[in-house]
Amino acid sequence: MGKSKLLFITHEMSPFLELTKIAEITRQLPQAMQEKGFEIRILMPRFGNINERRNRLHEVIRLSGMNIIINDNDNPLIIKVASIPAARMQVYFLDNEEYFQRKHVFGDKDGKFYADNDERMIFFCKGALETVKKLGWAPDIIHCHGWLSALVPAYLKTTYKDDPTFKHSKIIYSIYENDFNDKLGADFAQKAIMSNMTEVHVDAYKEGTNTALYAGAIQYSDGIVLGSENIDADVLNNVKNSNKSVLEFDSTADFENYYNFYDEITNDELVHVA
């Protein structure tokens, strides 16, 4: 496949932040694909419990300075970068003082779900795509992991569908066990609407549950990866009914199946039935 460009968007990655098995997969999979010849970029939030000094994060001035608009408010986006020397991979971190500079990730010290997790999600998804545009790097494949990235497929197939950076990008979404039992704010879907979008485009997301976020991501993705053995039955039913290409769960650490799946998604324009 030559030097195909592969973008990973995730809310966690080892060694920077380890919450679930996603952190391990998003550390090992990019390196495995780099060894297969892919050009890799990785984007994740700079949560407050990620140690900048230990992980040697530094700001990328040429990428910083953008504002992400949410609910008519301008939110500054700061981009930082760190390297994984053993893998020769760079990870870009999206930072914002109001949304990410907290001691805890998705809930407070008592485990209460943050009330603004909806806006944090919108900020991350919009910010990730704007960062890639500013990089001037057009990915062939965009592989999203975790519920925080679930709006990316919708944005790519609506607002950004004719953007030169993403015009030919294929979007793959990995589904895992449900991460939370709470709901995002009641007006979450309305806040998420961007240009060239209407309420219809976010209808699948509007309930704001983990299952609803997955339903929206499934609707707009070109391929689905089952990243866990125990996935919610409703989510699995959505996958089955979507008629999208599906990579079944594999408990081994052999990433050859991912390589073949990427090849299938990028080279076959036909609709696949799972």
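A residue is called exposed when its relative accessible area is over 50%, buried when that area is under 20%, and partly exposed in between. Keep those cut-offs in mind as we tour this predicted model.

**Two neighbours in a loop**

Let's start with Asp72, which has 74% relative accessibility and therefore counts as exposed. Asp72 sits in the loop between β4 and β5. Its backbone is worth a look too: phi of Asp72 is near 70°, a positive value in a residue other than glycine.

Asn71 is found in that loop as well, between β4 (66-70) and β5 (73-84). Asn71 also has a positive phi, about 55°, although it is not a glycine. Is Asn71 buried, partly exposed or exposed? With 45% relative accessibility, Asn71 counts as partly exposed.

Here are the accessibilities of three residues in this report, each with its class.

| Residue | Relative accessibility | Class |
|---|---|---|
| Asn71 | 45% | partly exposed |
| Asp72 | 74% | exposed |
| Phe180 | 8% | buried |

**A cis peptide bond**

Another backbone feature lies in the loop between β1 (5-10) and α1 (22-35), where you will find Pro15. The peptide bond leading from Ser14 to Pro15 is cis, and its omega is near 5°.

**Phe180 and its contacts**

Now to the third residue in the table. Phe180 has its place in the loop between β8 (170-175) and α6 (188-192). Although it belongs to a loop, Phe180 has a relative accessible area of 8%, so it counts as buried. Which residues does Phe180 touch, leaving aside its neighbours within four places in sequence? Phe180 is in contact with Phe113, Trp147, Gly208, Thr209, Asn210 and Leu213. Thr158 makes a useful landmark for distance: Phe180 and Thr158 are 22 residues apart in sequence, and their C-alpha atoms are 27 Å apart in space.

**A mostly covered helix**

Two of the contacts of Phe180, Asn210 and Leu213, lead us to helix α7, where both are among the buried residues. How many of the 11 residues of α7 are buried? The count is nine, so this helix, which spans residues 210-220, is mostly covered. Besides Asn210 and Leu213, the buried residues include Ala212, Tyr214, Ala215, Gly216, Ala217, Ile218 and Tyr220. What do they pack against? Their partners are the helices α4 (117-135), α5 (152-156), α6 and α8 (233-242), together with the strands β8 and β9 (223-226).

**The chain as a whole**

Stepping back, the protein chain has nine helices and 10 strands. Buried residues make up 55% of its 274 residues. For a chain of 274 residues, a compact globule would have a radius of gyration near 19 Å, and the 17 Å of this chain agrees with that. Along the principal axes, the C-alpha atoms fill a box of roughly 40 × 40 × 40 Å.

Contacts show how the sequence is brought together: among those between residues at least 6 apart in sequence, 70% join residues at least 24 apart. The accessible surface comes to about 12400 Å², and carbon and sulfur atoms account for 44% of it. The chain has 30 positive and 40 negative charges, and the mean positions of the two groups are 6 Å apart.

Finally, a word from the records. An unreviewed UniProt entry lists residues 5-237 as "domain: Starch synthase catalytic". Over residues 5-237 the chain is 29% helix and 23% strand, and the end C-alpha atoms are 31 Å apart.

How values were computed
Residues are numbered from 1 along each chain as its sequence is written. This is a predicted model: local features need pLDDT of at least 70, side-chain atom pairs count only at pLDDT 80 or more; totals for chains, interfaces and linings use all residues. Side-chain values use heavy atoms; hydrogens and water are left out. UniProt positions are given in the numbering used here, feature names are shortened, and annotations may be inferred rather than shown by experiment. Helices (H or I, at least four residues) and strands (E, at least two) are DSSP runs, numbered from the N terminus. Buried means under 20% relative accessible area, exposed over 50%, partly exposed in between (1.4 Å probe, protein chains only). The radius of gyration is taken over C-alpha atoms; the globule rule is 2.2 Å times the number of residues to the power 0.38. Contact means heavy atoms within 4.5 Å. Accessible areas come from the Shrake-Rupley method with a 1.4 Å probe; for residues, only the protein chains shown count as cover. Lys and Arg count as positive and Asp and Glu as negative; His and the chain ends are not counted. The place of a charge is taken as NZ of Lys, CZ of Arg, CG of Asp or CD of Glu.
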